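Reader: Please show me the model. I would like to go through its strand pairing and its charged pairs.

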Amino acid sequence: MKPILKLYRGYANDQELIVMGHVFKPTSKKDYDFQKRNFKNATSVIGMFRIKTQANADVYLEHDGVKIHTKTLDDGYFKFCIPLKEKSHYGWMEYSVSIVYGKEEIRETASYIRPHKGNFGFISDIDDTFLVSHTRNPLKKLYILLFRNVYARKVFENVVAHYQALSAAGKNNPNEQNAFFYVSSSEWNLYRFITQFSEINGLPKAVLLLKDIKTSLTDLFLTGRGDHNHKFEKIKHVLEFYPDLQYTLLGDDSQHDPYLYENICKIFPVNVIAVYIRQTGNSKKEKTISALKNLESLNVKVCYFRESSEAIAHSKSIGLIS
């Protein structure tokens, strides 16, 4: 058995590169199998929340011909924030990280984005924003997570068309996409599930910013719940990291998105141009309506919608997409 090295998508601006991942203790458990069904899927999901992390493990990043050394934090998480000297490339690029076990080097490769010059950035929630999750019903949400594999999970109708149009907004080159970030209260345990789900359904390739990893079965039953300050801090960080972009925030009314986004817009009064909130219940929520009205007074375009076709029509009406 060998330790497991997991890398996540990173991101860069003109001055800095940020990449991150986890190191897990050696285990005989198989990785999450996306094609298993019913109880076998549940066993795989439970396994993702019982994995043990490796604290203070040596980790090496190779970049621009230099090998940079750091160690994992107490929860096995590592993050390299390094100054960038090479400024010639844009789009998605690969990076490589390694650990050493005995005399063997364990190496993994992932990608990071340096956004093409442009105008737009998009930050989206995941659960009940594009992935049907039933967050308002915690027992149903848990049941679906356990007993529906990644191929059986659903996106909302027309949400992919909307996100693809946003990804291409303002771009003439089909090989260039706007920067997308998926920021969620889900934990890093679900990273591979979310990236696989996004690829299967044709959603834009995005950087994921998730909550601290969980390593006990109890945490599985609370996944995606609790303090949402993490989302606020992650979104704030993205806007500070790319201050020249004009942002659109996409979320839903099942938890705290409208109020998080309201606070973000108050702090960044010139950076956010539009906010989209999906209605998850049978009727619109008065508190959400009030928050969005307040955003309109800050000159932010808002759309509180039930169907993604409404969001698409709104994006066209404000000139965000054609």
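**Strands and salt bridges**

Author: In this predicted model, S6 and strand S7 (residues 104-114) run antiparallel and are joined by 11 bridges. Strands pair if DSSP finds at least two bridges between them; helices (H or I, at least four residues) and strands (E, at least two) are DSSP runs numbered from the N terminus. Residues are numbered from 1 along each chain as its sequence is written. Local features need pLDDT of at least 70 and side-chain atom pairs pLDDT 80 or more, while totals for chains, interfaces and linings use all residues, and side-chain values use heavy atoms, without hydrogens and water.

Reader: Which residue in the turn of the S6 and S7 hairpin has a positive phi?

Author: The hairpin leaves 2 residues between S6 and S7. A phi of about 65 degrees belongs to Gly 102.

Reader: Which residue in S6 is the bridge partner of Leu 61?

Author: Strand S3 (residues 58-63) runs antiparallel to S6 (residues 91-101), with 3 bridges joining them. The partner of Leu 61 is Val 97.

Reader: Is Asp 257, which forms a salt bridge with Lys 231, buried or exposed?

Author: A salt bridge puts a side-chain nitrogen of Lys or Arg within 4 Å of a carboxyl oxygen of Asp or Glu; here the closest N and O atoms are 2.5 Å apart. The pair links helix H7 (residues 257-267) to helix H6 (residues 229-241). Buried means under 20% relative accessible area, exposed over 50%, partly exposed in between (1.4 Å probe, protein chains only). With a relative accessible area of 2%, Asp 257 is buried.
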